[in-house]
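Please open the model in a viewer and keep the sequence panel visible. The stops below are arranged so that each selection leads to the next.

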Amino acid sequence: MNMFEPVCRSCGTVHPVEAVYACRKCGGSLDIRYDYERIFADYPFAELISSSGWDMWNYRPLLPILPEAQAITLGEGGTPLLRSRNIQDLAGLPRLYLKLESVNPTLAFKDRPLSVALTAAMQFGMQEVVCASTGNTGVAAAAYAARAGLRCTVYVPASTPMEKLGAMKEYGAELQPIAGSFSDALETAMEQAVLRNAFNLTSTYLNPYAIEGNKTVAYELLAQLGRVPDWIVVPIGAGPLLSGIYKGFQEMKRSGFVDRLPRMVGVQADGCAPIAEAYRSGAKEVLPWRSAVATAASGIADPLISYPADGSRTLSVIRESGGIALSIPDDRLLHYRKQLAMREGVLAELSSVTAVAAVQNMLQDGVLRNEDTVIAIVTGHGFKDMSVQ
Ligand SMILES: [Zn+2]
């Protein structure tokens, strides 16, 4: 018997370990369930954490990968955790840390889920992969597909920055421009995955294997910080990174390795904020963003059209954790991008800056206490969208 299986979050139906994206019975979203008792008997968390070093794949027992599969890796994970000291507006908060996912092999956190996804593609014997992407997933998919020797096609909305398109091409991926938003690109990717029998790597909640890679951020944070932080602030499109980090902490709590959980904060840009909007209105379900997408933070500009349930899944995690969701105007993002670069030496993608700007909002609104430990996840590198001013 496998140590893990895809399970429907709505009806509980268990699915075989194969390329599957939604419940075959009710269409619900899938999660990977592990046989934690057996895993923790063989691999106590204390050992996993202490032996982690700088390799995400040391956490392999908690990833949905069969024992015989060979990891497709470029050395992802093990990213630095920097204390932020110099951003003036945030000086009231002495325990603010930046988790630099921006220094992964393709300069974004997506390398974690894509490394797992390409390893899964190989374990399922797939010949080809596809994805829809606002940029970072496409770049990571292209790189890891190159490493695996698989053909890769990326469906990209018109707003994708040229730096990301150039990188995808260089890695040898085939680019298919799509008129419209990320949601339109996703629809095409889903059709093409079926037609071409390709593994769909799109990093909404679609691929249940891929999103497990995000959990490893949680294990690393605990190893680096030595304790559970009070708040983790995450830029979100659909939000699988936020849910993944929370799942990682839940696993550590379940194993008895930690005794509490962090509060999760999801941040969007004002110009495309379906999850923040639902949070503000007190709604349980997230609605698709019907206005025009009006932000330069392209990495998180996901209107969730035709899959708003993904947003609801993230919102439920935020609420369960006692966290909040909020959104930030673009002019503040440009201000804090400059602050981060000039005062901390950290060049961040515009989408990533939402996390730092949100900390200032929370401080101002009295949500944070001065003694709180706060992690802002810097999801992508500024080199990825330097043309955005
Ligand atoms: Zn179901």
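Select helix α4 (residues 136–148) together with strands β5 and β6: the helix lies across both strands and runs at about 170 degrees to β5. Helices (H or I, at least four residues) and strands (E, at least two) are DSSP runs, numbered from the N terminus. Axes are lines fitted to C-alpha atoms, for helices over the stretch in contact, and angles run from 0 to 180 degrees between N-to-C directions. Next add helix α6 (residues 182–196), which packs on the sheet and touches β5, β6, β7 and β8; its direction makes about 155 degrees with that of β6. Contact here means heavy atoms within 4.5 Å.

The model is a predicted one, in which local features need pLDDT of at least 70 and side-chain atom pairs count only at pLDDT 80 or more, while totals for chains, interfaces and linings use all residues. Residues are numbered from 1 along each chain as its sequence is written, and side-chain values use heavy atoms, with hydrogens and water left out.

**The parallel sheet**

Hide the helices and display the strands beneath. Four strands form an open sheet in the order β7-β6-β5-β8, with parallel pairing. β7 (174–178) and β8 (199–200) each have a single partner strand, so one side of each of these edge strands is left without a neighbour in the sheet. Two strands count as paired if DSSP finds at least two bridges between them; β5 (residues 128–132) and β6 (residues 151–157) are joined in the parallel sense over five bridges. To follow the register, label V130 and its bridge partner T153 in β6, then A132, which stands opposite Y155 in β6.

Is β5 enclosed or open to its surroundings? Five of its five residues are buried, so β5 is largely enclosed by the rest of the structure. Buried means under 20% relative accessible area, exposed over 50%, and partly exposed in between (1.4 Å probe, protein chains only). Show the side chains of β5: E128, V130 and A132 point one way, and V129 and C131 the other way.

Now centre on Y155, in strand β6. At 3% relative accessibility, Y155 is buried. Leaving aside neighbours within four places in sequence, the contacts of Y155 include V130, C131 and A132, as well as Q176, I178, A185, A189 and R196.

**A loop residue**

Move to T106, in the loop between β4 (96–100) and α3 (111–123). T106 is buried, at 2% relative accessibility. Beyond four places in sequence, the residues in contact with T106 are D111, V139, A140, A143, Y171 and K384.

**The mixed sheet**

Select the six strands of another open sheet, whose order is β3-β4-β12-β9-β10-β11 and whose pairing is mixed. β3 (81–83) and β11 (325–328) stand at the edges with a single partner strand each, so one side of each has no neighbour in the sheet. From one strand to the next, the twist averages 25 degrees. Within this sheet, β9 (residues 231–235) and β12 (residues 374–378) run parallel and are joined by three bridges. Label W231 to find V374 opposite in β12.

**The nonpolar cores**

A nonpolar core is a set of buried Ala, Val, Leu, Ile, Met, Phe, Trp, Tyr and Cys residues joined through side-chain atoms within 4.5 Å. The largest has 96 residues, and L118 and I245 have the most contacts inside it. Helix α4 gives the most to this core, with eight residues. Among the residues that I245 touches are V217, A218, I232, V234, M264 and I377. A second, separate core of 35 residues includes A297, L326, L340 and A348.

**The zinc site**

Finally, select the zinc ion, which is coordinated by the SG atoms of C8, C11, C23 and C26 at 2.3 Å. Donors are N, O and S atoms within 2.8 Å of the metal (3.2 Å for Na, K and Ca); water is not among the atoms, so sites may look incomplete. Along the chain the donors follow the spacing C-x2-C-x11-C-x2-C. C8 in strand β1 (residues 4–8) and C26 in the loop between β1 and β2 (30–34) are 18 residues apart. C8 is buried at 4% relative accessibility, whereas C26 is partly exposed at 43%.
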